[in-house]
Amino acid sequence: MTGKRGRRGREKRRAREGCAVTRPVPLDNCDTTIRLNRWLKKHGFRNTSRLRPADFPGTGRGLMACKSISSGQVLVSLPRELMITTQTVLDSYLGPHVSSWHPRLAPVDVLSVFLVCERCCGDRSPWQPYVDSLPERFTTPAYFTRRELRELPRSLDDAVRRQRTAIAASYNDVKKFMDELEKSFPEFRGTMTQDAHCWAWHIVNTRSVYMGIF
């Protein structure tokens, strides 16, 4: 009771001071979220967490706590078969091609290729509900215009240059692989564009975690 009144009091003060009071917008009823939840449930996921998807003003999509969260409490428990790992790719139709390719692709490149191919497959992909839920663009320097880049502090120049160099090097590696893959899968011809790779690279680098083998 005290906490709720305190929050409302802060909001009223901000309104009086001319600050906009904004709230996250729940995404539970979004068509994409509904399809994703059905897909997760079908594959054994049970949502026992106290989180819900929401769009936060100023920062974008995320998870919003609905109830108090205790220290050490499990927030999300996901079945292993719903995790896209390098082993997932090796067990898929891409596996023989990835395994025989030299020089070996880096894990981020393996996952990037898989995401681009699965997105191309559309409703033929078993991963479609997840892929459809992913953002289409990011607010990182790789997506900045030249004008926006000029507005950045000079202290960030090296970091921006390193990221762009890493993305370009990754694209060169996966493009060579995809050019060869297209001989076996002509339906993927032309899918590995720079834009597609930049999207997949960001998906992997913003959503991946390291998992030990068990």
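**Entry 1: the second pocket**

I started at the second largest pocket, where α9 gives the largest share of the lining, five residues. A pocket here is an open set of points on a 1 Å grid over the protein atoms alone, where a 1.4 Å probe fits, with protein on both sides within 12 Å along at least five of seven lines; lining residues have an atom within 4 Å of a point. I noted a volume of about 420 Å³ for the second largest pocket. Its lining has 15 residues, and Ala142, Ile167, Gln194, Asp195 and Cys198 are the closest to the centre. Two or more lining residues come from each of α8 and α9. I sorted the lining by class and got eight nonpolar, two polar and five charged residues.

**Entry 2: ground rules**

I should say that this is a predicted model, where local features need pLDDT of at least 70 and side-chain atom pairs count only at pLDDT 80 or more, while totals for chains, interfaces and linings use all residues. Residues are numbered from 1 along each chain as its sequence is written, and side-chain values use heavy atoms, with hydrogens and water left out.

**Entry 3: the overall fold**

I counted nine helices and three strands; these are DSSP runs, H or I of at least four residues for helices and E of at least two for strands, numbered from the N terminus. Along the sequence the pattern reads α-β-α-β-β-α-α-α-α-α-α-α. Of the 214 residues, 30% are buried, meaning under 20% relative accessible area with a 1.4 Å probe, protein chains only.

**Entry 4: helix α8**

I checked α8, residues 157-181, for its span: at 1.5 Å a residue its 25 residues should cover 36 Å, and the end C-alpha atoms are 36 Å apart, so the two agree. The expected span is 1.5 Å times one less than the number of residues. Its buried residues include Val160, Ile167, Val174 and Phe177. Among the elements covering the buried residues of α8 are α4, α5, α7 and α9.

**Entry 5: the core**

I then looked at the largest nonpolar core, a set of buried Ala, Val, Leu, Ile, Met, Phe, Trp, Tyr and Cys residues joined through side-chain atoms within 4.5 Å. It holds 39 residues, and Leu94, Val113, Phe177, Met178, Leu181 and Trp199 touch the most other members. α5 gives the most to this core, eight residues. Beyond four places in sequence, Val113 is in contact (heavy atoms within 4.5 Å) with Leu94, Val174, Phe177, Met178 and Met192.

Conventions: Buried < 20%, exposed > 50% of the residue type's maximum accessible area, 1.4 Å probe, protein only. Points joined across faces, edges and corners; volume = space filled by probe spheres on them. Nonpolar A, V, L, I, M, F, W, Y, C, P; charged D, E, K, R; others polar.
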